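The following exercises ask for helix packing, salt bridges and accessibility to be read from a structure. Please attempt each task before turning to its solution.

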Amino acid sequence: MMQNVHPAPESNEDDLYSGYNDYNPMFDTEDLENDVAFQQAAKTSHGRRPPVTAKIPGTSSPRPLATGFGSKATLTSSMGRPMTGTIQDGVSRPMTAVQAAGYTKAAVRGSSFDPLGQARGPASPLEKKTSDSLEEKMRQLEKKVNELVEESCVANSCGDLKLALEKAKEAGRQERELLRQREQIAPPESINLDLTYTVLLNLASQYVANEMYAEALTTYQVIVKNKMFSNGGILKVNMGNIYLKQRNYSKAIKFYRMALDQITSSHKQMRIKIMENIGVAFIKTGQYVDAISSFEEIMSISPNLKAGFNLILCYFAIGNGEQMKKAFKNLIEVPLEVDYEDKYISLNDDLHTNLLIEAIKNDSLSQIERERKSLAEEYIMTAAKLIAPAIETSFAVGYDWCVDAVKASHYVELANDLEINKATTYLRQQNFNQALETLKMFEKKDSRVKSAAATNLSFLYYLGNELEQATNYADLAVNSDRYNPAALTNKGNTVFANGDCEKAAEFYKEALRNDSLCTEALYNLGLTYKKLNRIDEALDCFLKLHAILPNSAQVLYQLASIYQIMEDPNQAIEWLLQLISVVPTDPHVLSKLGNLYDTEGDKSQAFHYYCESYRYFPSNIEVIEWLGAYYIDTQFCEKAIEYFERAALILPTQVKWQLMVASCYRRSGLRFLVRLCTDMGLKEVQEYITKLKKAEKLKEIREQRIKSGREGSARSRKDGSGDSGGTRGERLSAKLKALPGTSEPYESSSSKEIDASYADPLGPQPERPKTAARKRMEEDDFADEELGEDLLPE
């Protein structure tokens, strides 16, 4: 045993690695086979597990330890049992504590370490879940219903209302099938009421989105009448909304009140919104007293801008001035829950603070605050303009009261705006002197208000054609606020009126740099470019303006005019067609469209739009002349008479219109007389028919003579000048043969017998440009001077 005793080495302070190989002899396992004590313990009962008794020894029970001489005894646990992994009766106890690391009872000395079990090969495939059971089928069906509801909501949010409704209907069918299957195998208490409620509510919502109000009401009734839905009563609000859309206000009020009774006071905001709807419904029915009760209750519980404004409207409707004042004061005292002070102004030069202020100046919270302030100012300004003429003896006194009330509130800045609105009201009443005096009061105010007042003054003087005063106030407005686009636009107008178009364009462009959405400056810039003959730039301005104001009649007309200048009639017609969809009764636009079609040779479309123009404005001489010429050109002279007679009424001093009427009657002749007699049922109609046939026959013979005479003269010229076509006797014989027979009346074709000339008592008139139809009409007049005797009755 002494061979296992290792004496301590001598201390050697110079040896840096002394003691490196020293270790506790208890951990020496190399010579266990030669250790007699260990072998004796392994072969005798010293290494066997003692029998388990009822008594559990404590942890302080003695435990044999290995000696320093190499003998080692079996270590027992606190329970008195051998350690895990010891050998008892030739069988080692399973090492269950280390099973997760890959050690098993089957592991023997020499086996490979395989904690992942790779030697066992691939694992057997997982057993497939059988879907034959009804419970599994119902679970899958319920999942499908939820997916259909989600798809319906997504389709609605994307704007595909038809698909959303189809998905909602399919979800309803699948949910009913699920209910039938579940009732067969489970008690009614196991039904998923939340799923049923969701499906029905979604279906009703999709019906409303598709404006199928009857089906929506039916679906809501199914939910409301089902006592199993605890919160179904709140949906009566939705039913009231549907009746409100259908203008069935009495039923809407009924359902709103029923919903109000079922909503507890803990849902304060919901009750407020329902009461607002009730008040609006009462206003729609003209029951202003009941509406006042609803809005006053709201203002006493939770005042808000909309309810306060509606309360003012109701008092205005019944004409109660004192209550209007009280309601106005309540309106301007409604808390907005925003900071009235400008907290975004930096008071120092700290870079970090300035960057932080710039970052939060336009964040979501700041935008909400600005929207609330803007909405409040709009309500207050509208209410002041509404009640000012009604609360006092004159609107000026009423405005002064409103201004004083606003000055005592958080909206001090609105007082100046009310003063400017007061001046605008004077303008509407055409009281220009009072408007000027009111606006001149702002000359000593701060720069913003002074600029606004000077802009209005400049505009007033510009309308009065006092360009000097307009220029002075435009300069004052620009100097007070260089970033005011309205002031720059007015300055450009005054410069344009003085003839300096280039400088005016610069002011308009500066106004657009300050406010890119200043439509007045953009429109005036386009007109300026058009006057400067910079057509492409003008077109660009009006196209930009059309993108901002797609339904502006002025912009559409300017675009058509520019394309007409660019000699592109097709584009001009397209823009004019868009224009008449906006202003379908403008006679000037209709006549312009007819003129373009006439230029393109489309007479039918030109006639249609000229007729429409004449229908809305029957005093346009150009339209009347074109329509009269059109009917003459199409051989409907009796219809042309109507237009020329109207022209004679409009311009009675011009003789040509009476002559046009006479020419139409002459052209009509016997045909017109026969038609009149036929319409009137006169017995002379047969006589006139006979004469008409005779006159038409004579006209046909005469036309044949003229045609044959022209052919003979052409042949004679072809034969040469040496032979003049026969002897003198032969020529005389031919002339005699050309004379009418004894039974035919002899007519003279000399133009001296018919004198169509006249003297205008007003002197020579400026000649109007001749259209193709008018030229044809005048040629026909000249031809009828020779044939007029043939068409007159005997």
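**Exercise 1: Helix pairs**

The crossing of H22 and H23 is left-handed. The model is a predicted one, in which local features need pLDDT of at least 70 and side-chain atom pairs count only at pLDDT 80 or more, while totals for chains, interfaces and linings use all residues. Residues are numbered from 1 along each chain as its sequence is written, and side-chain values use heavy atoms, with hydrogens and water left out.

Task: Determine how H22 and H23 are oriented, and then treat H11 and H14 likewise.

Solution. Step 1: helices are DSSP runs (H or I, at least four residues), numbered from the N terminus. Step 2: H22 packs with H23 at an angle of about 155 degrees, and their axes are 10 Å apart. The two helices are therefore roughly antiparallel, a term for angles over 145 degrees, whereas angles under 35 count as roughly parallel, 65 to 115 as roughly perpendicular and the rest as oblique. Axes here are lines fitted to C-alpha atoms over the stretch in contact, and angles run from 0 to 180 degrees between N-to-C directions. Step 3: for H11 (residues 321-332) and H14 (residues 395-407), the packing angle is about 30 degrees, with the axes 10 Å apart. H11 and H14 are therefore roughly parallel. Step 4: the crossing of H11 and H14 is right-handed, meaning that the near helix is turned clockwise from the far one by less than a right angle, and anticlockwise for left-handed.

**Exercise 2: Salt bridges**

Task: Identify the partners of Glu136, Glu142 and Lys491 in salt bridges, and place each pair in its helices.

Solution. Step 1: a salt bridge requires a side-chain nitrogen of Lys or Arg within 4 Å of a carboxyl oxygen of Asp or Glu. By this rule, the count is 15 salt bridges. Step 2: Glu136 pairs with Arg139, the closest N and O atoms being 2.5 Å apart. Both residues belong to helix H2 (residues 134-157) and are 3 residues apart, about one turn of the helix. Glu136 is buried at 11% relative accessible area (buried means under 20%, exposed over 50%, partly exposed in between; 1.4 Å probe, protein chains only), whereas Arg139 is partly exposed at 46%.

Step 3: Glu142 forms a salt bridge with Arg182, with 3.3 Å between the closest N and O atoms. Since Glu142 lies in H2 and Arg182 in helix H3 (residues 161-185), this pair ties together parts 40 residues apart in sequence. Arg182 is buried, at 12% relative accessibility.

Step 4: Lys491 meets Asp475 in a salt bridge of 2.5 Å, N to O. Lys491 lies in helix H19 (residues 485-497) and Asp475 in helix H18 (residues 467-480), so the pair ties together parts 16 residues apart in sequence. Lys491 is buried at 11%, and Asp475 is partly exposed at 27%. Step 5: Glu502, Arg534 and Glu537 are joined into one network by salt bridges that share partners.

**Exercise 3: Buried or on the surface**

Task: Is Ile274 buried or exposed, and where is Leu549 found?

Solution. Step 1: Ile274 is in helix H8 (residues 268-285) and is buried, with 1% relative accessible area. Its C-alpha is 7.4 Å from that of Val237, although the two are 37 residues apart in sequence. Step 2: Leu549 is in the loop between helix H22 (535-548) and helix H23 (553-565), and at 33% relative accessibility Leu549 is partly exposed.
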